[in-house]
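Hi everyone, thanks for making time for this. I'd like to walk you through one structure, so let me put it up on the screen.

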Amino acid sequence: PLFKRFTHTRWAAPVETLENIIATVDTRLPEFSELQGCFREELMEALHLHLVKEYIIQLSKRRLVLKTAEQQQQLAGHILASADTIQHFCTQHGSPATWLQPALPTLAEIIRLQDPSAIKIEVATYATCYPDFSKGHLSAILAIKGNLSNSEVKSIRSILDVSTGAQEPSRPLFSLIKPRAAVSWVQQCWNGRQNWKRKKEKMNSHLAGACGVLW
């Protein structure tokens, strides 16, 4: 439930929210103090995965579209700070999951970058690290970037059509996140845009007809 505060507060205080989450988790760890060796590592890797996964889920569900580069850079900074907090906490307590380290920072970079070609490079690299990263997941992240045109979004998404030579992920991350939930907000935005376009065309048609009568 604490993760939901990221969207409820529109990410106004993400650092404080994450600190509360980490503090809550930290209070429960002593219950597993008897676990040693590989069992401790397995527990911490599962916890590490859960924290990263839930962060991505809430990031994908956000309903705030950022239209300026400055706003996107600010959010990217918040994500990087959160990624560092999660990584430090989990590795400090024995997580061996180094494969999770680029998960959040690369998403932050995709949000920060403004050049579509540079974004495509980041997406292609990301898909190599996480082969289960789909167009649905990508669309949810790109929806945050309100200054991208439809053609730019389509071009960026198309990079996932190119085979990277990667095999099925041995460690799932994005396959644990339903793309349908991730793209729901994207679909709402698209439907709203299409509805407005149809209404505008209808208004223009009526206006043209009225002008014809007047003249």
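How many disulfides does a search of the whole structure find? Zero. Keep in mind that this is a predicted model. As a reminder, a disulfide is a covalent bond between the sulfur atoms of two cysteines. Two cysteines are worth pointing out here. Cys 90 is buried, because its relative accessibility is 0%. Cys 129, on the other hand, has a relative accessible area of 47%, so it counts as partly exposed.

Cys 90 takes us to helix H4, which covers residues 69-92. What span should its 24 residues give at 1.5 Å a residue? The expected value is 34 Å, and the end C-alpha atoms are indeed 34 Å apart, so the two agree. Cys 90 has company in being buried: the buried residues of H4 include Leu 75, Ile 79, Ile 86 and Phe 89. Polar side chains turn up there too, among them Gln 72, Ser 82 and Gln 87. After the helix comes Gly 94, with a positive phi near 105°.

Now for the charged pairs. Side chains of opposite charge can pair when their charged atoms come close. How many salt bridges are there? The count comes to five, and I'll show you three of them.

Let's start with Arg 171 and Glu 45, whose closest N and O atoms are 3.9 Å apart. Arg 171 sits in the loop between helix H8 (150-157) and helix H9 (179-214), while Glu 45 belongs to helix H3 (residues 37-61), so this pair ties together parts that are 126 residues apart in sequence. For those of you who like the cut-off, a salt bridge needs the nitrogen within 4 Å of the carboxyl oxygen, so 3.9 Å makes the list. Arg 171 is partly exposed at 46% relative accessibility, and Glu 45 is partly exposed at 22%.

The next pair is Glu 109 with Arg 112, at 2.6 Å between the closest N and O atoms. Both lie in helix H5 (residues 103-112), three residues apart, or about one turn of the helix. In an α-helix there are 3.6 residues a turn, so residues three or four places apart point the same way. Glu 109 is partly exposed at 24%, and so is Arg 112 at 34%.

Lastly, Asp 161 and Lys 135 meet in a salt bridge at 2.8 Å, N to O. This pair links distant parts of the chain, 26 residues apart: Asp 161 in the loop between H8 and H9, and Lys 135 in helix H7 (residues 135-142). Is Asp 161 buried or exposed? Exposed, because its relative accessibility is 55%. Its partner Lys 135 is partly exposed at 27%.

How values were computed:
Residues are numbered from 1 along each chain as its sequence is written. This is a predicted model: local features need pLDDT of at least 70, side-chain atom pairs count only at pLDDT 80 or more; totals for chains, interfaces and linings use all residues. Side-chain values use heavy atoms; hydrogens and water are left out. A disulfide is a pair of cysteine sulfur atoms within 2.5 Å. Buried means under 20% relative accessible area, exposed over 50%, partly exposed in between (1.4 Å probe, protein chains only). Helices (H or I, at least four residues) and strands (E, at least two) are DSSP runs, numbered from the N terminus. The expected span of a helix is 1.5 Å times one less than its number of residues. A salt bridge is a side-chain nitrogen of Lys or Arg within 4 Å of a carboxyl oxygen of Asp or Glu.
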